[in-house]
Amino acid sequence: MIQTLKAVVSFIEVLLFVAGIIPVSTDIKYSNTVYEPIQITEPMYIVKDGVSDFVIVTADEPDECIQTAANELQTYIEKISGVNLPQVTESEFVSSKNAIIIGQTALEQNITEINRSEIGADGFKLYSDGTYLLIAGGDSRGTLYGVYTFLEEYLGIRWFTPELEVVPESNDVIIDANIDRTVQPSFSIRRNSCMGANNAHRARNKINVSFWENATEYGGALTFVLWDVTLPTLVPDSLFADHPEYFAMNPDGSRTTDHVCLSNPDVLPIAVEKAREEMRNCERNAKHIHIGQKDNSNYCHCEKCEALYEKYGSISAPTLIFTNAFADALDEEFPDFMFTFYAYGETERPPTDLSLKCSPNVAPVLCGLHKACRSHPLTECGAQDGNETFMNLFGDNEPTIAQDFANWVKIADTTYIYDYTINFLNSTQFFSNFETMQPTMKYMHDIGITGYIYNCGDGHYAAFNELRNYLLCKLQWDVDCDVEYHMTDFLCAYYGEEAAPYIREILDIQTAQIKATAHAFDFDWHYQSGFYPFYTVDRLDYLWNKALKADITDEQRFNVEVANLSWEYFKANQFIGKYSFLSPLRLKANEDLYDEFRAHGVDRVSSFGLIPSDKSEIDFMLRPFNWK
């Protein structure tokens, strides 16, 4: 009864917010950390008045990655100052020279102590003493990341997008003469491959997963022999004709190729042999292989599978047991491999019997965030996509997704998150997850999640995708970073300093209004996103108009125009303003919006269909949601 009354009160409050009777607070806090600028206690001039006596030192035979690190440092210092620092090997180095030492050399033992095992993979140490600057990674890739961090945090270089690089210009390159800093990533596995990304952009943002490209010149990357929906490769559907028992049983006793019966002992050797062939022939130096089911919920109902569901309290049990056995069969030949499986759809909930554990070389890839509300904290909001009961939408529900993640960590030494951070059914629509990014990722880190793989964007730049990609890179590397600082930094560069304050207020208003009146899901058919009173719509129209007319470059104005398409998409779907049914200009407004989509490279409003390239195929009486 008390829970029902609380839900009714919450519902009434939402109605008052929607009507505008109670104004929504737009005091949005995107970060829990305050940025601390780099301090110079004692200046150390790498370049002074356009002159330098520094050299860049590497080992006598540096590997590809260390050479990339030295080249990148040399290139960007020259871009800043016009000074090209010579590169020498440690054998060529004259000790009286000032030097930036990259990677492991014999020189470091006389400068400072470096314990690479403690620094760990992808981590690094920065050290300066007025004469030397050391950038030393726990491994070669860590050294490269150390160079990029040095260039970014100490010299002010930014790689906001694959196309937008910012390099300050100065006759002086000054750092502190007393740096002693060890840096380690929050997540050991980090994937964010935004639109247009290449190996260089991923490395500069310290992303070490590319799935398919090894990128040895950037220290290599986590790649898979097989990834995503792999069971049809490991256990081909063609086997169904002779062996229907290899595949899932329907509740009525018939069989279907929608899933594989993973409790059938004859399936394992088939999958293992196919995997062995793929692993032997893979030329990418991949160290991961994945067990992934087809994207449906027609899981097996045979007697053995049902018994495992019952025994361990989850449909994920046969998948976990199968992957353990799969890994065990291949471990001797491939001892350094990680074997992953999807905790997705019917398998996303962990066993309730926590005695069923993953082998040390087995990692679940947790996909439960696709059902989580993104406009409210993961640890507080119990709303799940597709469950639109009154109590679920307005009640005080248990945050089962967060609890599931905590339990997966108890049964697996290694766990990867597979994140979705737009609404794939309305991918051009504003997605309200900016405020919850940091607390969600910090929660993941703090409970022990080890890797974060992001399914980013949707093939276009609308809906603030570029800002989202940039911030997620920062958080994957450091969950305690100052998101506010990085957001302001990005907005000023990408949209222009004069437009940035207007864009920031737009983000605040939409984030606040959706949080107060709705939930945000990754797969949500609702085209309204949130609910806005008329005066809030007027305020947003005003802010967009100011941003579009700001004194900014043509490139920045184009970026503002792309971002504005999300707001126009919302209004057109809601019949607001010129898109109203009462407006004689509605058809022309819809047609103009279509033209703007095409002119700005936005070829879809949903992940599941392109907008027709032939305008004559569109009925402009329909809302944009239907243009696919």
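**Exercise 1. In which loop is the place of Ala 215?**

This is a predicted model in which local features need pLDDT of at least 70, side-chain atom pairs count only at pLDDT 80 or more, and totals for chains, interfaces and linings use all residues. Residues are numbered from 1 along each chain as its sequence is written, and side-chain values use heavy atoms, with hydrogens and water left out.

Step 1. Helices (H or I, at least four residues) and strands (E, at least two) are DSSP runs, numbered from the N terminus. Ala 215 sits in the loop between β12 (209-211) and β13 (222-223).

Step 2. Buried means under 20% relative accessible area, exposed means over 50%, and partly exposed is in between (1.4 Å probe, protein chains only). Ala 215 has 13% relative accessibility, so it counts as buried.

Step 3. Most residues other than glycine have a negative phi. Phi of Ala 215 is near 50°, a positive value in a residue other than glycine.

**Exercise 2. Find the loop that holds Phe 575, and state its phi and its burial class.**

Step 1. Phe 575 belongs to the loop between α17 and α18 (586-599).

Step 2. Its phi is positive, about 60°, although Phe 575 is not a glycine.

Step 3. The relative accessible area of Phe 575 is 25%, so this residue is partly exposed.

**Exercise 3. At what angle do the axes of α2 and α4 cross, and which residues meet?**

Step 1. Two packed helices are described by the angle between their axes and the distance between the axes. Axes are lines fitted to C-alpha atoms, for helices over the stretch in contact, and angles run from 0 to 180 degrees between N-to-C directions.

Step 2. Helix α2 (residues 64-81) and helix α4 (residues 140-154) have axes that come within 8 Å and cross at roughly 10°.

Step 3. Angles under 35 degrees count as roughly parallel, over 145 as roughly antiparallel, 65 to 115 as roughly perpendicular and the rest as oblique. Helices α2 and α4 are therefore roughly parallel to each other.

Step 4. Contact means heavy atoms within 4.5 Å. The α2 residues that meet α4 include Cys 65, Ile 66 and Tyr 76, and those of α4 include Ser 140, Arg 141 and Leu 151.

Step 5. Ala, Val, Leu, Ile, Met, Phe, Trp, Tyr, Cys and Pro count as nonpolar, Asp, Glu, Lys and Arg as charged, and the others, Gly among them, as polar. By this scheme the contact of α2 with α4 has 10 nonpolar, three polar and two charged residues.

**Exercise 4. Describe helix α14 and its crossing with α17.**

Step 1. The expected span of a helix is 1.5 Å times one less than its number of residues. For the 13 residues of α14 this gives 18 Å, and the end C-alpha atoms are 17 Å apart, which agrees.

Step 2. At the start of α14, a side-chain oxygen of Asp 482 comes to within 3.0 Å of the backbone nitrogen of Glu 484. This is a polar contact (a pair of N or O atoms within 3.5 Å; within protein, one must be able to donate a hydrogen and the other to accept it, and residues adjacent in sequence count only if both atoms are side-chain atoms). Gly 496, just after α14, takes a positive phi of about 100°.

Step 3. Among the buried residues of α14 are Val 483, His 486, Phe 490 and Leu 491. Their cover includes α12 (437-447), α13, α15 (500-517) and α17.

Step 4. The axes of α14 (residues 483-495) and α17 (residues 554-573) come within 7 Å and cross at roughly 110°. The two helices are therefore roughly perpendicular to each other.

Step 5. Cys 492, Ala 493, Tyr 494 and Tyr 495 of α14 make the contact with Gln 556, Asn 559, Val 560 and Ala 563 of α17. These residues divide into six nonpolar, two polar and no charged.

**Exercise 5. Is Cys 473 buried or exposed, and what does it contact?**

Step 1. Cys 473 lies in helix α13. In α13 (residues 465-477), 13 of the 13 residues are buried, so the helix is largely enclosed by the rest of the structure.

Step 2. Cys 473 itself is buried, with a relative accessible area of 6%.

Step 3. Apart from neighbours within four places in sequence, Cys 473 is in contact with Asn 192, Asn 205 and Ile 207. Cys 473 and Asn 205 are 268 residues apart along the chain, while their C-alpha atoms are separated by 6.3 Å.
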